[in-house]
Amino acid sequence: MHTRLISPDDAGLAQASELLAQGQLVAVPTETVYGLAGDARNAAAVAGIYQAKGRPSFNPLIVHLPDLAAAERIATFDAPARLLAQRFWPGALTLVLPLRQGAGIASLVTAGLATVAIRIPSHPVAQALLRRFGGPLAAPSANPSGRISPTAAAHVADPETGLGGRIAAVLDAGSCPVGVESTIIGWVHGQPAVLRPGGIATEAVEAVLGQPVLRPEIDPDAPSAPGQLTSHYAPRAAVRLDALRAEPGELLIGFGAVAGEMSLSAQGDLAEAAANLFDLLHRADQAGRPIAIAPVPETGLGAAINDRLRRAAAPR
Ligand code: TXA
Ligand code: MG
């Protein structure tokens, strides 16, 4: 299959929407990372997503919608969920909520669970496509399962490290401003939990809820999203964390005062580091040398960055 690069103008959006309506797959820019979108009502399209990514089929997908009103038609919101939706949507927050009966979402999307993960992206191209398409889009990150997430169209289109040749098209809107996936919040016996740290700081979620949330990365008894396999976001090269200098042959990615051949953020700015993270990992991986990465603080967006780095460095 030839993967088309489409510009996100009116004609391009019409073409992307038409491909989706035919059950084909289109990679779509969002503010977090590029997503591999398919019609969430079409079981064959959803099966195609799992197949293109080589993803284990027990791992459910996020449903993307244009606004809260559309979300309320497929899931039920209690007061805390609605509070978070009103404060953070559109944006880098995913909520795991009870799925409504008859919502029309293919059961492969939720992997048969009684809950559904929903996100309202803020990226203007994702918004424009959702409105034009007029239906729910299932979209995991547009990378082969276990590989580095894509923050640029070129990452997606690469035939070796991306999905080039396996999907119909990529809507090319440049690089993703947030750079790490959404924060996933769910409720476990009525208690809010961060199922995956991401582009919205957990502290900001706690401030809105007025209560602490369970953090699986700190509390080993808290549940995590079923997709949180340990080795993930993995470059082909070996990855060493908390490096203050490069060992011979290593490519050092710096942060703040630790300078490297490249830096997540020379200023030590966590938002800048998140936006640069996957692109630097892709570039370092192209260099074909072992990768060393400077320490990053665990606060704010640092939790999401360190989560991705620990997975990149985990034994495969
Ligand atoms: O920023 C993002 O969230 C990106 C963009 C494209 O929106 N999407 C993304 O999707 O990262 P994906 O499929 O790579 O990650 C989905 C995560 C998985 O860890 C999955 O296990 C979890 O969401 N998830 C989905 N549905 C769930 C559910 N019903 N209960 C618990 N976790 C769920
Ligand atoms: Mg992913």
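The legends below describe views of a predicted model, beginning with the whole protein and moving to one pair of packed helices.

**View 1. The whole protein, with its helices and strands.** The secondary structure of this predicted model comes to nine helices and 14 strands. The radius of gyration is 19 Å, close to the 20 Å that the globule rule gives for 316 residues, so the protein is as compact as a globular protein of that length. Measured out along the principal axes, the C-alpha trace spans about 60 × 50 × 30 Å.

**View 2. The interior of the protein and its contacts along the sequence.** Of the 316 residues in the protein, 55% are buried. Among the contacts with a separation of 6 or more, 67% are accounted for by residues 24 or more positions apart.

**View 3. The packing of helices α8 and α9.** Two packed helices are described by the angle between their axes and by the distance between those axes. Here helix α8, which covers residues 270-287, packs against helix α9, residues 302-313, at an angle of about 30°, and the two axes lie 9 Å apart. Because angles under 35 degrees count as roughly parallel, α8 is described as roughly parallel to α9. The crossing in which α8 passes α9 is left-handed.

**View 4. The residues that make the contact between α8 and α9.** On the α8 side, the contact is made by Leu270, Ala273, Ala274, Leu277 and Phe278, while α9 contributes Gly302, Ile305, Arg308 and Leu309. Sorted by class, the contact of α8 with α9 has seven nonpolar residues, together with one polar and one charged residue.

How values were computed
Residues are numbered from 1 along each chain as its sequence is written. Chains are lettered from A and ligands numbered from 1 in the order in which they are written. This is a predicted model: local features need pLDDT of at least 70, side-chain atom pairs count only at pLDDT 80 or more; totals for chains, interfaces and linings use all residues. Side-chain values use heavy atoms; hydrogens and water are left out. Axes are lines fitted to C-alpha atoms, for helices over the stretch in contact, and angles run from 0 to 180 degrees between N-to-C directions. Helices (H or I, at least four residues) and strands (E, at least two) are DSSP runs, numbered from the N terminus. Angles under 35 degrees count as roughly parallel, over 145 as roughly antiparallel, 65 to 115 as roughly perpendicular and the rest as oblique. A crossing is left-handed if the near helix is turned anticlockwise from the far one by less than a right angle, and right-handed if clockwise. Contact means heavy atoms within 4.5 Å. Ala, Val, Leu, Ile, Met, Phe, Trp, Tyr, Cys and Pro count as nonpolar, Asp, Glu, Lys and Arg as charged, and the others, Gly among them, as polar. The radius of gyration is taken over C-alpha atoms; the globule rule is 2.2 Å times the number of residues to the power 0.38. Buried means under 20% relative accessible area, exposed over 50%, partly exposed in between (1.4 Å probe, protein chains only).
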